Amino acid sequence: QLQLEESGGGSVQHGGSLKLSCAASGTRYYNVFRMAWFRQAPGKEREGVAAISADGSGTYYSDSVKGRFTISRDNAKNTLYLQMNSLKPEDTAMYYCARRLEFCDGASCLNDRDYTNWGQGTQVTVSS
């Protein structure tokens with residue numbers, strides 16, 4: 001059974017940086033999964049932030065984070081990353097990593113509907 005565990009969240013000031021990690025366990029086939037980061041702020045719907053193909057060659061970002069966040073993965077370590085720079089107070093949310101098996105392309109990869117495995121989340125708080 002695949003398990004995902006996020007880490008790296010914390011509190012930073014406006015303009016600061018954080019790097020989130022998502023460690024996968026319980027599978028030998030991590031490198032065949034598309035992965036993504038989502039976030040959810042209190043009172044708001046869950047939002048797709050960034051997605052990455054199985055081999056890491058393809059990435060897609062929401063407009064709200066494009067140019068500031070970078071998604072990457074190390075398949076040898078079964079780990080997904082999200083480097084977050086130039087953080088803004090509106091980036092404050094619980095961040096989750098997730099796995100999907102079905103193909104997706106572009107914006108469809110940020111739709112949470114087909115993601116079947118989720119981590120517990122890590123909190124990111126950005127103060128002004």
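**Stop 1: Arg 100 and Asp 114**

Select Arg 100 and Asp 114 in this predicted model: their side chains form a salt bridge, and the closest N and O atoms are 3.3 Å apart. The pair links distant parts of the chain, for Arg 100 lies in strand β9 while Asp 114 lies in the loop between β9 and β10 (115-118), 14 residues apart. Is Arg 100 buried or exposed? Arg 100 has a relative accessibility of 2%, so the residue counts as buried. Asp 114, at 26% relative accessibility, counts as partly exposed.

**Stop 2: Asp 91 and its partners**

Next, select Asp 91 together with Arg 39. These two residues form a salt bridge whose closest N and O atoms are 2.9 Å apart. This pair too links distant parts of the chain: Asp 91 sits in the loop between β8 (79-84) and β9 (93-100), Arg 39 sits in strand β4 (residues 34-40), and 52 residues separate them. Asp 91 is buried, with a relative accessible area of 0%. Arg 39 is buried as well, with a relative accessible area of 7%.

Keep Asp 91 selected and add Arg 68. The side chains of Asp 91 and Arg 68 meet in a salt bridge of 2.7 Å, taken from N to O. Here the loop between β8 and β9, which holds Asp 91, is linked to the loop between β6 (59-61) and β7 (69-74), which holds Arg 68; the two residues are 23 apart in the chain. Both Asp 91 and Arg 68 are buried.

Which residues are linked with Asp 91 in a network of salt bridges? Add Glu 47 to the selection to see the network, which consists of Arg 39, Glu 47, Arg 68 and Asp 91. In the structure, the count of salt bridges comes to 7.

**Stop 3: Glu 6, a charged residue without a salt bridge**

Move now to Glu 6, which is found in strand β1 (residues 3-7). Glu 6 is buried yet has no salt bridge. How far away is the nearest side chain of opposite charge? That side chain belongs to Arg 46, 8.9 Å away. A salt bridge requires the nitrogen and oxygen to be within 4 Å, so Arg 46 does not form one with Glu 6.

Which backbone nitrogens should be displayed beside the side chain of Glu 6? The backbone nitrogen of Cys 97 lies 2.9 Å from a polar atom of this side chain, and the backbone nitrogen of Gln 120 lies 3.0 Å from a polar atom of the side chain. Beyond its neighbours within four places in sequence, Glu 6 is in contact with several residues, among them Ser 21, Cys 22, Trp 37, Tyr 95 and Gly 119.

**Stop 4: Strand β1 and its partner**

Select the whole of β1 and show its side chains, which alternate along the strand. Leu 4 and Glu 6 point to one face and are buried, whereas Gln 3, Glu 5 and Ser 7 point to the other face and are not buried. Then add strand β3 (residues 18-25), which pairs with β1 in the antiparallel sense over 5 bridges. To locate one position in this pairing, select Gln 3, whose bridge partner in β3 is Ser 25.

**Stop 5: The disulfides**

A disulfide is a covalent bond between the sulfur atoms of two cysteines. The whole structure contains 2 disulfides. Select Cys 22 and Cys 97: a disulfide joins them, with an S to S distance of 2.0 Å. This disulfide links distant parts of the chain, as Cys 22 lies in strand β3 and Cys 97 in strand β9, 75 residues apart. The torsion about the S-S bond of Cys 22 and Cys 97 is about 60°, so this disulfide is right-handed. Cys 22 counts as buried at 0% relative accessibility, and Cys 97 likewise counts as buried at 0%.

Then select Cys 104 and Cys 109, which form a disulfide with sulfur atoms 2.1 Å apart. Their link is right-handed, with 105° about the S-S bond, and both Cys 104 and Cys 109 are buried. With the bonded cysteines numbered in sequence order, the pairing is 1-2, 3-4.

**Stop 6: Tyr 60**

Finally, select Tyr 60 in strand β6. At 30% relative accessibility, Tyr 60 counts as partly exposed. Tyr 60 touches Val 49, Ala 50, Ala 51, Gly 106, Ala 107 and Leu 110, leaving out residues up to four places away in sequence. Add Gly 48 as a last selection: Tyr 60 and Gly 48 are 12 residues apart in sequence and 9.9 Å apart in space, C-alpha to C-alpha.

Definitions and conventions
Residues are numbered from 1 along each chain as its sequence is written. This is a predicted model: local features need pLDDT of at least 70, side-chain atom pairs count only at pLDDT 80 or more; totals for chains, interfaces and linings use all residues. Side-chain values use heavy atoms; hydrogens and water are left out. Helices (H or I, at least four residues) and strands (E, at least two) are DSSP runs, numbered from the N terminus. Buried means under 20% relative accessible area, exposed over 50%, partly exposed in between (1.4 Å probe, protein chains only). Lys and Arg count as positive and Asp and Glu as negative; His and the chain ends are not counted. A polar contact is a pair of N or O atoms within 3.5 Å; within protein, one must be able to donate a hydrogen and the other to accept it, and residues adjacent in sequence count only if both atoms are side-chain atoms. Contact means heavy atoms within 4.5 Å. Two strands pair if DSSP finds at least two bridges between them. A disulfide is a pair of cysteine sulfur atoms within 2.5 Å.
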